[in-house]
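Visitor: I'd like to talk through this one before I set anything up. Can we start with the charges and then go on to the fold?

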Amino acid sequence: MADNNEKHGFSTRAVHSGEFDHENTHSLTTPIFQTSTYKFKNTAEVNSFFAGDTTRVAEYGRYGNPTQMAAEEKLRSLENAEAALLFSSGMAAVTTAILALCKQGDHVVITSDSYRRTRQFILGFMPKFGLEFSVVEPDAATIENSVKDNTKLIISEAPTNPYLRVLDLAALVSVAKKHKVKTLIDSTLATPINLRPLEYGVDLVTHSATKYFGGHNDLLAGVLMGKESLINAIQDLQGMLGPITDPNTSYLIIRGLKTLSLRVERQNKTALAVARFLETHPKVEKTWYPGIESHPDYEVAKKQMTGFGGVVSFQVKGDLEVASKMIDNMKIPLIAPSLGGVESLIEQPSLMSYYELSSAEREAIGIFDNLIRFSIGVEDEEDIIQDLRQALDSI
């Protein structure tokens with residue numbers, strides 16, 4: 001491996017951590033090991049491997065790949081984790097973790113502004129296996145009031161999506177340790193450049209690597225990071241269920257991570273400027289961004305985060321049609337789900353993610369028809385703000 005000195009800055013680690021020294025080929029970059037299985041020299045080597053020899057990667061591709069392991073080491077270093085494990089998607093990472101950590105009769109607390117599919121898995125699928133749940137606001141005191149004797153896991157995001165709520169992680173961990181409950185934080189929107197939940201005592205952190213880690217809207221992957229004992233237990237289940245990352249995707253993650261800090265720093269800066277512009281625009285009803293003083297979690301975000309991320313949510317003055325018109329008149333961002341890539345993306349959550357619900361049903365869960373989520377890319381700040389200005393002027 002290359003020098004993985006944890007004292008180095010995040011840009012240095014993003015470039016060099018996890019990279020193998022390819023003495024035989026003199027390759028500068030980590031190759032794509034396109035193989036599904038691994039051969040043994042003889043039966044003695046087979047016996048040695050299954051007795052615990054760690055000099056080999058694996059015997060079969062479902063249990064590991066050298067390209068995947070290089071990506072995992074790079075991610076582990078950035079998050080300051082003991083171990084990292086890649087998955088085929090962010091949802092594969094989250095669902096496998098829940099299945100590994102919870103059993104029949106356990107209780108899970110999940111915050112209301114968590115990713116919709118995670119909530120659907122907890123609320124709609126896991127009760128078939130006898131799992132209980134509570135959905136609460138992202139606030140440590142509210143979470144503690146929902147903890148029961150059988151609570152096994154607390155799940156939240158930092159920041160949340162789409163309202164970018166920032167949970168006080170120190171307070172959350174205090175609650176979790178008091179009641180001997182594990183914590184799982186989805187930190188996709190922050191990235192390790194802006195926030196590292198494990199440093200606050202969180203047990204597991206997950207990211208959709210599809211987003212900022214890949215950075216170019218061209219891959220699907222997820223990652224779990226945390227204590228080695230927990231990751232090993234989850235890896236055993238992953239080997240059974242099979243939601244693995246292929247070597248090509250692992251290579252793209254390695255490549256994307258090398259520019260992560262450059263992209264995130266640019267997106268932080270532009271998103272803050274966009275939020276300040278939107279907050280003062282007469283046709284904007286409300287702006288949601290943890291880096292501006294009007295956000296309910298500004299003080300917590302300022303204390304915990306080194307940057308506030310590349311997503312800005314806002315509500316225009318008007319209804320669903322007004323918000324749609326504003327989006328349709330934007331020239332730079334593409335209308336699409338997802339976030340974290342070099343291209344700016346814009347969407348109405350009411351149409352993109354909650355299309356099957358009525359307006360009243362969406363409002364009941366806090367998704368308003370005039371809500372717009374804007375994922376900032378790496379385009380020029382002035383161009384993005386000018387585009388927003390002309391689109392808002394059109395409504």
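**Charges, fold and one serine**

Guide: In this predicted model, the chain carries 39 positive and 50 negative charges, and the mean positions of the two sets are 2 Å apart.

Visitor: Okay, how many helices and strands does the chain have?

Guide: There are 16 helices along the chain, together with twelve strands. The radius of gyration is 22 Å, close to the 21 Å that the globule rule gives for 395 residues, so the chain is as compact as a globular protein of that length.

Visitor: And what does the C-alpha trace span along its principal axes?

Guide: The C-alpha trace spans about 75 × 50 × 40 Å along those axes. If one takes the contacts between residues at least 6 apart in sequence, 71% of them join residues at least 24 apart.

Visitor: Switching to surface: what share of the residues count as buried?

Guide: Of the 395 residues, 55% count as buried, while the area that the chain exposes comes to about 17000 Å², with carbon and sulfur atoms supplying 53% of it.

Visitor: Now Ser350, is that buried or exposed?

Guide: Ser350 has a relative accessibility of 0%, and because buried means under 20%, Ser350 counts as buried.

Visitor: Which helix does Ser350 lie in, and what does Ser350 touch?

Guide: Ser350 belongs to helix H14, which covers residues 349-352. Leaving aside residues up to four places away in sequence, Ser350 is in contact with Leu320, Tyr355, Arg362, Ile367, Phe368 and Asp369.

How values were computed
Residues numbered from 1 in each chain as written. Predicted model: local features only at pLDDT ≥ 70, side-chain atom pairs only at ≥ 80, totals over all residues. Heavy atoms only, no water. Helix = DSSP H or I, 4+ residues; strand = E, 2+ residues; numbered from the N terminus. Rg over C-alpha atoms; globule rule 2.2 N^0.38 Å. Buried < 20%, exposed > 50% of the residue type's maximum accessible area, 1.4 Å probe, protein only. Contact = heavy atoms within 4.5 Å. Areas by Shrake-Rupley, 256 points an atom, 1.4 Å probe, with all protein chains shown as cover. Lys, Arg positive; Asp, Glu negative; His and termini not counted. Charge placed at Lys NZ, Arg CZ, Asp CG, Glu CD.
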